[in-house]
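Subject: Handover of the structure and notes on it

Dear colleague,

I am passing on the structure we spoke about, together with my notes on it. Please read the notes with the structure open beside them.

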Amino acid sequence: MEHVTPDQVDWTKLGFDYIPTGKSFRAEFKDGQWQEGSIVNEATIQIHEASPLIHYGQGCFEGMKAYRTKENKIQVFRPELNAQRMVDSAHRLAMEAYPVEDFVRAIHQVVKANKDWVPPYGSGASLYMRPYLLGNGPMTTVAPAEEFVFGIYVTPVGPYFKGGLKPFNFLISDYDRAAPKGTGRAKAGGNYAAGFIASQAAKKQGYADAIYLDPLTHTKIEEVGAANFFGITPDGQFITPDSPSILPGITKRSLLWLAEHRLGLKAVEGEIYVDQLDQFAEAGAMGTAAVITPIGSITHGDHEYVFYSKDEVGPLTLKLYQELVGIQTGDIEPPAGWIQVVDC
């Protein structure tokens, strides 16, 4: 996209396309230690042609947002959880983790440097942040990198649902997203590349995306595309899958708490068998991009499971969405420690 300035942007018409803001954060690991990071004015990275990132997929990333409040403050949502999850992903991929404290500090730096790109309150838009960690340097043998790059780029994005929250229909895929004892709990780039073909196949058949079953038995719900699944039973249970191959979502963790403490539901992490989907009155997917994507139906073979409605959002799903978005945008009092205000 061509370079524009913040005053040229119609914030109400933003999509999820990349818009260059001109300022990113960058730090390098060399000679056995992390160098001090800084704000840079470039959007490209020099990668060695023999980098383990290119050949072996040694890289991971995070996704998070900054919001402007009614009082014109800029705040970020639970950044320390993203920092810790990246540490966990780095360890799983034999990478040198970027320290949690430095990660959070870098988030504040890059948001402050791009403060004019944080969309105004009420626009429904936010500043998306993509921290990443990648292996670099020449490694011809199949071995971990000895050099790493940590960075954060930002771009303003619009609301996921332009016309308001609405249900979508999903198809259970025959493909696996991750292997048993594999990298499913890490936010590794290869996990997402492995899902492209399943997503394309589902969309070609008219569905919003694919849903993956557990890779060991293919009997239990795991992930909805690149998001976590949840279902709500008629007797007030908020249930989400628990598995060693599921990404531990920040949104998932937050909604589990809100379901129990704000809505009075019983929050449960457990097994969800595909042939027991009819136990749910409402269902959805949860993640950073959309917060909640209501699920109208799930098709498995010849059977279609329909939840609250294919056309309307279930009342509890809607309440959860409004509660979390309200916290993120400063309209609802957050639980202690969930919000950090950026000093601009």
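Is R78 buried or exposed? With a relative accessible area of 9%, R78 falls under the 20% limit and so counts as buried. Please bear in mind throughout that this is a predicted model, and that what follows was computed from it.

To stay with this residue for a moment, R78 sits in the loop between β6 (74-77) and α2 (79-92). Although R78 is buried, it has no salt bridge, and the nearest side chain of opposite charge, that of E80, is 4.6 Å away. That distance lies outside the limit of 4 Å used for a salt bridge, which is why the two are not counted as a pair. Leaving out residues up to four places away in sequence, R78 touches I250, R253, S254 and W338. The backbone of R78 also deserves a look, since its phi is near 50°, a positive value in a residue other than glycine. Most residues other than glycine have a negative phi. N72 is a further case, with a positive phi near 70°; this residue lies in the loop between β5 (64-68) and β6, and at 52% relative accessibility it counts as exposed, whereas R78 is buried.

Now to the chain as a whole. The protein chain has 7 helices and 18 strands. Its radius of gyration is 20 Å, close to the 20 Å that the globule rule gives for 344 residues, so the chain is as compact as a globular protein of that length. Measured out along its principal axes, the C-alpha trace spans about 55 × 50 × 40 Å. Of the 344 residues, 51% are buried, and the accessible surface comes to about 16200 Å², with 48% of that area belonging to carbon and sulfur atoms. Among contacts with a separation of 6 or more, 72% are between residues 24 or more positions apart.

Next, the charged pairs. Side chains of opposite charge can pair when their charged atoms come close. The count of salt bridges in this model comes to 10, and I describe some of them here:

- D102 and R105 meet through their side chains at 2.6 Å, N to O. The two residues are 3 apart in helix α3 (residues 100-113), and are therefore separated by about one helical turn. Both ends count as partly exposed, D102 at 24% relative accessibility and R105 at 47%.
- K310 forms a salt bridge with E304, the closest N and O atoms being 2.6 Å apart. K310 is partly exposed, with a relative accessible area of 37%, and E304 is partly exposed as well, at 38%.
- R177 and E223 meet in a salt bridge at 3.6 Å, N to O. R177 lies in the loop between β9 (168-172) and α4 (189-193) while E223 is in strand β11, so the pair ties together parts that are 46 residues apart in sequence. R177 is buried, and E223 is buried too.

What, then, of E222? E222 has its place in strand β11 (residues 221-224), and it is buried yet has no salt bridge, the nearest side chain of opposite charge being that of R177, 5.6 Å away. The side chain of E222 does make a polar contact, at 2.5 Å, with the side chain of S243. Neighbours within four places in sequence aside, E222 is in contact with several residues, among them Y212, L213, D214, F229, P241 and I246.

Finally, a word on S126, which is found in strand β7 (residues 126-136). At 3% relative accessibility, S126 counts as buried. Its C-alpha atom is separated by 9.8 Å from that of M64, a residue 62 positions apart from it along the chain. Again leaving aside neighbours within four places in sequence, S126 is in contact with K65, A66, Y67, P119, T155, P156 and V157.

With best wishes

Technical notes: Residues numbered from 1 in each chain as written. Predicted model: local features only at pLDDT ≥ 70, side-chain atom pairs only at ≥ 80, totals over all residues. Heavy atoms only, no water. Helix = DSSP H or I, 4+ residues; strand = E, 2+ residues; numbered from the N terminus. Buried < 20%, exposed > 50% of the residue type's maximum accessible area, 1.4 Å probe, protein only. Lys, Arg positive; Asp, Glu negative; His and termini not counted. Polar contact = N/O pair within 3.5 Å; in protein donor to acceptor, adjacent residues only side chain to side chain. Contact = heavy atoms within 4.5 Å. Rg over C-alpha atoms; globule rule 2.2 N^0.38 Å. Areas by Shrake-Rupley, 256 points an atom, 1.4 Å probe, with all protein chains shown as cover.
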